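Student: I would like a close look at a single part of this model. Please take me through how the two protein chains meet, and then what lies around that meeting.

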Protein chains: 2
Amino acid sequence: MADVARRARVSVTTVSHVLNETRFVAPDTREAVLTAVRETGYVPNTVARSLVMSKTDTIGLALSSISNPYFGELAHYLQAEAERYGYSILIGDTRDDPEREFKVARDLHERRADGIILAASPDPGRTLEYLRMRQVPVVLVDRLIGSDLDEVGTENVEATSHLVEHLASRGHTRIAMVSGLAGLATTLERVAGYRLGLERAELPYDDALLRGGSSDAEPARGATAQLLEMPDPPTALIVANNKMTIGAMRALRDAGLSVPADIALVAFDDFAWADLCEPRLTTIAQPHQELAAKALELITSRIDDPDQPARRIRLDPTLVHRNSCGC
Amino acid sequence: MADVARRARVSVTTVSHVLNETRFVAPDTREAVLTAVRETGYVPNTVARSLVMSKTDTIGLALSSISNPYFGELAHYLQAEAERYGYSILIGDTRDDPEREFKVARDLHERRADGIILAASPDPGRTLEYLRMRQVPVVLVDRLIGSDLDEVGTENVEATSHLVEHLASRGHTRIAMVSGLAGLATTLERVAGYRLGLERAELPYDDALLRGGSSDAEPARGATAQLLEMPDPPTALIVANNKMTIGAMRALRDAGLSVPADIALVAFDDFAWADLCEPRLTTIAQPHQELAAKALELITSRIDDPDQPARRIRLDPTLVHRNSCGC
DNA sequence: GGACCTCAGCCAATCGATTTCTGGGCCTCG
DNA sequence: CGAGGCCCAGAAATCGATTGGCTGAGGTCC
């Protein structure tokens, strides 16, 4: 910038004012500055700018791995929305591990992200404590813990309950579920919804029909296999996320079962290939784009006004009816 | 930091030296500083640090949308590898649009990313020119243009050629291809490989059997549908990326064709659901993790020594043999 | 002709670190 | 006893911007 100023025979002050249009500058001077900028190929240094403005126009994302299509999609929309507000995105991968989550959050804060969008791990206490102490603007996504923070996520309890009721109304009485990583807010809610649905359908809750799949394919495959080995196996299966669906389907295939003839299958998280599987999968689609839009609305407004009351937003997922549920 | 210094009754100099272990500090003083740090909950300001060190420990990613599983996976591994080197990741979405690509690159540079990993758009000239002028360390991934820049990507020509030869050896004479976005380096290479394979198998090249699918599902669906409507339709189909595979499969389904009985299908990009489709898809799997590892090796070494000669790395993809090819 | 404005642009402080230079206190040694 | 060395730590310059306050030139008004 000093270089530009010298070249245009003005002070850095003037250059700054021209570039930011923050004060009137005489047309001639202005032109001289602009020319000098062009000639030198000057690129503003955002780092210096951030230092004095004490804002980086950056939002940190602390999500579980973006190789998971759900989070990948979410990250994509978050990035797109952030861009609309003039923010860039710094990503961090928590791997759903509280320890890593803490490190990611700290790093994001050290880099002075203006705000952090966090999909909380199963045990986010320390991270949240850290962020709260430093008054970092935070919005929780996907996994909502009902704290005093802004939160936006999918409605899980009723959605899962409806699913169970629906299956029950189709005559199923042995409805199993492969649930996600223990402790995760979404896991708790979906399990709660599962039990609520059974209750409403006046079906007994059988502990053996609820198995943990750790939110990943292989564990889910094992869990599903065990369900199928029961003396009185389920006739319907709910899988609580996309990765576990892979495992579940493999287990079903290994057991030589056909869906939905032998067993009905419904899965959380819709994805592009869901209607190309055999059979076409009935899924619960989460509203990625809306979630992202709301998350950015919340974080930007929180950044602008840190003291406003917290907002909690729940968006309804959509049941995408295909063949695997047997309807 | 001034706060910490005051509290520990030392100068900021000393605090800095304690925190960075950059000079010996008497144990007592050291302890005092550390205590003060703990008491104040001090968090170093990386922005200020970056300003004086003129490095941000940040690497910019300019990729096509990470909602594409291929790039999502790649981004994931890039992030993981970056972390090993102590870098964080700033993401930008080019949407394969030269204009957006340029803006993303400029933004990344204005934020002073220490290096940029770029998956070039169909027409990356301006962007590359801009980055070259400013001497920004750059590594090209996936789409290699054979410039004087470091590059790492998958070997496409031979891989595609082998595929064609393989299909030919199984008796196919009408082998079609749905190719990606025009101009993309990967598209050009895969098409070249397609033609090379035909030549080697001594099959005639038929213009009508090569259709563009614009790297996306819907266009690919249309392209596939048109291929199927030919008087003398293909008996084998190669699809040049994951998203287009979705479209192609839909078109096949719409046409009531069964794979591989009526038509053999092979697709670029492996993904978790590929073996859950009906039939299980034969794919060409790209080595995400190795690509990412190499990309980071290149970019870090380029950052450390900007003047070294450029390196170009091609990694071989793996043919994942399942049922859709009819073997 | 002098008081007073307005206009356009410069000076210098500031953000929060890193790092070079400097210097005080205490030992040691000739 | 004085010079030279060590040990520690502080003062101040620096990175590249933003911005409040100031100033000099020129114009207006009475």
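Tutor: What follows starts with the side of one chain that touches the other and then moves outward.

This is a predicted model, in which local features need pLDDT of at least 70 and side-chain atom pairs count only at pLDDT 80 or more, while totals for chains, interfaces and linings use all residues. Residues are numbered from 1 along each chain as its sequence is written, and chains are lettered from A and ligands numbered from 1 in the order in which they are written.

Between the chains, 39 residues of chain B are in contact with 39 residues of chain A (contact means that the C-beta atoms, placed from the backbone, lie within 7 Å). On the chain B side, at least two residues each come from α4 (46-53), α5 (69-84), β2 (88-93), α6 (98-110) and α11 (242-254). Helices (H or I, at least four residues) and strands (E, at least two) are DSSP runs, numbered from the N terminus. The element that gives the most to this side is α5(B), with seven residues. By type, the side of chain B that touches chain A holds 19 nonpolar, 12 polar and eight charged residues. Here Ala, Val, Leu, Ile, Met, Phe, Trp, Tyr, Cys and Pro count as nonpolar, Asp, Glu, Lys and Arg as charged, and the others, Gly among them, as polar.

The strand β2(B) also pairs with a strand of chain A: β2 (residues 88-93) of chain A and β2(B) run antiparallel over three bridges (strands pair if DSSP finds at least two bridges between them). Within this pair, I89(A) stands opposite I91(B). In general, strands of a sheet pair through backbone hydrogen bonds, either parallel or antiparallel.

Both chains also face DNA strand D. It is surrounded by 26 residues, the closest being M1(A), S16(A), N45(A), A48(A) and T29(B) (near means a C-beta atom, placed from the backbone, within 6 Å). At least two residues each of this surface come from α2 (12-20) and α4 (46-53) of chain A and from α2 (12-20) and α4 of chain B. The largest share, six residues, is that of α2(A). The surface near DNA strand D divides into 14 nonpolar residues, 11 polar and one charged.

Chain B also has an open sheet of six strands, in the order β7-β6-β8-β9-β10-β12, with mixed pairing. Its edge strands, β7 (210-212) and β12 (318-320), each pair on one side only.

How values were computed: Contact = placed C-beta atoms within 7 Å.
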